[in-house]
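Do you have your viewer ready? Keep the selection box at hand, and let's walk through this model one stop at a time.

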Amino acid sequence: MSLSTSDKLKVEVRGHTALITIDNPGANTWDTESLPALRELINTLNGEPEIFALVMTGAGEKFFSAGADLKLFADGDPEQARTMAVYFGEAFETLADFRGVSIAAVNGFAMGGGLEAAMACDIRIAEEGVQMALPEAKVGLLPCAGGTQRLARLVGEGWAKRIILCGERVDAATALRIGLVEEVVAKGESLTAALALAEKVGGQSPGAVASCKRLIHGARDIEISSGLALERDLFVDLFSTEDQREGVNAFLEKRKPQWKNR
Ligand SMILES: C/C=C/C(=O)SCCNC(=O)CCNC(=O)[C@H](O)C(C)(C)COP(=O)(O)OP(=O)(O)OC[C@H]1O[C@@H](n2cnc3c(N)ncnc32)[C@H](O)[C@@H]1OP(=O)(O)O
């Protein structure tokens with residue numbers, strides 16, 4: 001049984017990692033089929049105790065994703081625009097809240113909603129030569145899939161303004177320098193690098209990882225005193241899980257832990 005409800009989103013499970021490939025012939029654009037499918041897929045993965053990480057990449061060599069299918073905006077229909085904005089929001093917020101670790105293997109152009117998908121992931125690995133942009137204003141639109149919010153948080157307001165307000169494209173080296181991606185690898189190597197990183201997640205307690213992700217995300221929006229209090233509470237909560245005892249005892253017994261995700 002396929003975990004995906006759309007042919008435009010291929011899924012393959014490799015160990016503890018779900019490999020998601022955006023596969024919409026042309027430019028791997030997002031549309032009214034693939035966005036709800038992504039949201040459903042992440043919800044399904046959240047219920048799969050054996051899945052600790054996901055890797056997202058684009059089919060082919062040229063595009064990670066060129067963003068929204070611009071054909072959908074040709075009529076200037078506000079209702080259709082709202083539908084798309086809601087689909088984007090629901091899909092990428094669900095992706096950002098994925099219980100495990102998400103890694104974007106940016107193997108080609110990441111434009112508009114394509115870059116917004118990558119930014120909704122926890123970590124981005126880009127290939128030399130790829131270009132990234134939020135060029136929505138060039139076509140009279142604005143990034144409505146988290147771009148104005150996530151880019152500024154990742155790279156600061158100055159670079160977010162250069163990229164969004166000036167329509168500047170960044171290459172992989174610049175993206176690394178400004179903090180838009182965490183690693184740059186040779187052409188054709190992003191998937192291997194992303195899967196290798198995802199493999200490392202498999203060595204960590206999934207419950208502890210989920211709590212840490214919640215704390216890191218919360219740190220953006222709450223007072224540090226509240227964040228520190230939540231950190232203590234979630235630390236104590238781990239002691240109600242089997243994996244906490246398994247992790248510490250495996251270390252003391254010099255063996256690999258067997259995570260049960262509970
Ligand atoms: C909330 C989200 C909003 C959004 O995401 S709005 C969309 C934001 N994205 C963009 O504006 C990117 C648009 N695409 C481009 O600017 C260019 O592509 C690239 C610079 C990425 C690559 O340029 P090049 O190498 O010349 O390729 P090519 O011939 O333009 O693209 C191959 C085929 O893909 C189609 N395509 C590319 N992007 C989109 C798109 N976003 N929506 C619909 N079609 C797209 C083209 O038209 C063409 O098609 P054919 O082969 O039939 O001529």
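Searching the whole of this predicted model turns up 15 salt bridges. As background, side chains of opposite charge can pair when their charged atoms come close.

**Stop 1: Lys 8 and Glu 33**

Select Lys 8 and Glu 33 and show their side chains. They meet in a salt bridge, with 3.7 Å from N to O. This pair ties together distant parts of the chain. Lys 8 sits in the segment before strand E1 (9–14), while Glu 33 belongs to the loop between strand E2 (17–22) and helix H1 (34–46), and their positions lie 25 residues apart in the numbering. Glu 33 is partly exposed, its relative accessible area being 38%.

**Stop 2: Arg 162 and Glu 168**

Next, pick Arg 162 and Glu 168. Their side chains form a salt bridge at 2.5 Å, N to O. How accessible are the two partners, Arg 162 and Glu 168? Arg 162 counts as partly exposed because its relative accessibility is 39%, and Glu 168 is partly exposed too, with 27%.

**Stop 3: Arg 255 and Glu 253**

Now go to Arg 255 and Glu 253, whose side chains meet in a salt bridge of 2.8 Å, N to O. Arg 255 is partly exposed at a relative accessible area of 34%, and Glu 253 is partly exposed at 48%. Then return to the first stop and add Asp 31 to your selection: Lys 8, Asp 31 and Glu 33 are joined into one network by salt bridges that share partners.

**Stop 4: the two domains**

Time to zoom out. Colour residues 9–201 as domain 1 and residues 206–252 as domain 2, following the domain assignment of the chain. Taken over C-alpha atoms, the centres of these domains are 27 Å apart.

How many residues of each domain are in contact with the other? Nine residues of domain 1 touch seven residues of domain 2. About 600 Å² is buried between domain 1 and domain 2, and carbon and sulfur atoms give 56% of that area. Select Phe 52, Arg 99 and Arg 153 here: they supply 55% of the area that domain 1 buries against domain 2, more than any other three residues.

Stay at this interface for its polar side. Two salt bridges are found across it. Show Arg 153 together with Asp 221 and you will see their side chains meeting in a salt bridge, 3.5 Å from N to O. Between domain 1 and domain 2, four residue pairs are in polar contact. Sorted by class, the side of domain 1 that touches domain 2 is made up of four nonpolar, two polar and three charged residues.

**Stop 5: Phe 98**

Centre the view on Phe 98, in the loop between helix H2 (78–96) and strand E5 (101–106). Is Phe 98 buried or exposed? Phe 98 counts as buried because its relative accessibility is 1%, below the 20% cut-off. To see its surroundings, show Ile 42, Leu 45, Asn 46, Ile 51, Phe 52, Ala 53, Leu 54 and Lys 213, which Phe 98 touches when residues up to four places away in sequence are not counted. For a sense of scale, draw a distance from Phe 98 to Gln 131: the two are 33 residues apart in sequence and 26 Å apart in space, C-alpha to C-alpha.

**Stop 6: Ser 4**

Move on to Ser 4, in the segment before E1. Ser 4 is buried, at 11% relative accessibility. What does the side chain of Ser 4 reach at 2.7 Å? That is the backbone oxygen of Leu 9. A polar atom of the Ser 4 side chain also lies 3.0 Å from the backbone oxygen of Ser 6. Setting aside neighbours within four places in sequence, Ser 4 is in contact with Leu 9 and Val 11.

**Stop 7: two positive phi angles**

One reminder for the last stop: most residues other than glycine have a negative phi. Select Lys 254, in the segment after helix H9 (242–252). Its phi is positive, near 55 degrees, and Lys 254 counts as exposed, with 78% relative accessibility. Finish on Asn 261, which also lies in the segment after H9. Asn 261 is not a glycine, yet its phi is positive, at about 60 degrees. Asn 261 is partly exposed, at 23% relative accessibility.

Technical notes: Residues are numbered from 1 along each chain as its sequence is written. This is a predicted model: local features need pLDDT of at least 70, side-chain atom pairs count only at pLDDT 80 or more; totals for chains, interfaces and linings use all residues. Side-chain values use heavy atoms; hydrogens and water are left out. Domain bounds come from an automatic or database domain assignment. Contact means heavy atoms within 4.5 Å. Buried area is the accessible area (1.4 Å probe) that two parts lose on being put together, summed over both. A salt bridge is a side-chain nitrogen of Lys or Arg within 4 Å of a carboxyl oxygen of Asp or Glu. A polar contact is a pair of N or O atoms within 3.5 Å; within protein, one must be able to donate a hydrogen and the other to accept it, and residues adjacent in sequence count only if both atoms are side-chain atoms. Ala, Val, Leu, Ile, Met, Phe, Trp, Tyr, Cys and Pro count as nonpolar, Asp, Glu, Lys and Arg as charged, and the others, Gly among them, as polar. Helices (H or I, at least four residues) and strands (E, at least two) are DSSP runs, numbered from the N terminus. Buried means under 20% relative accessible area, exposed over 50%, partly exposed in between (1.4 Å probe, protein chains only).
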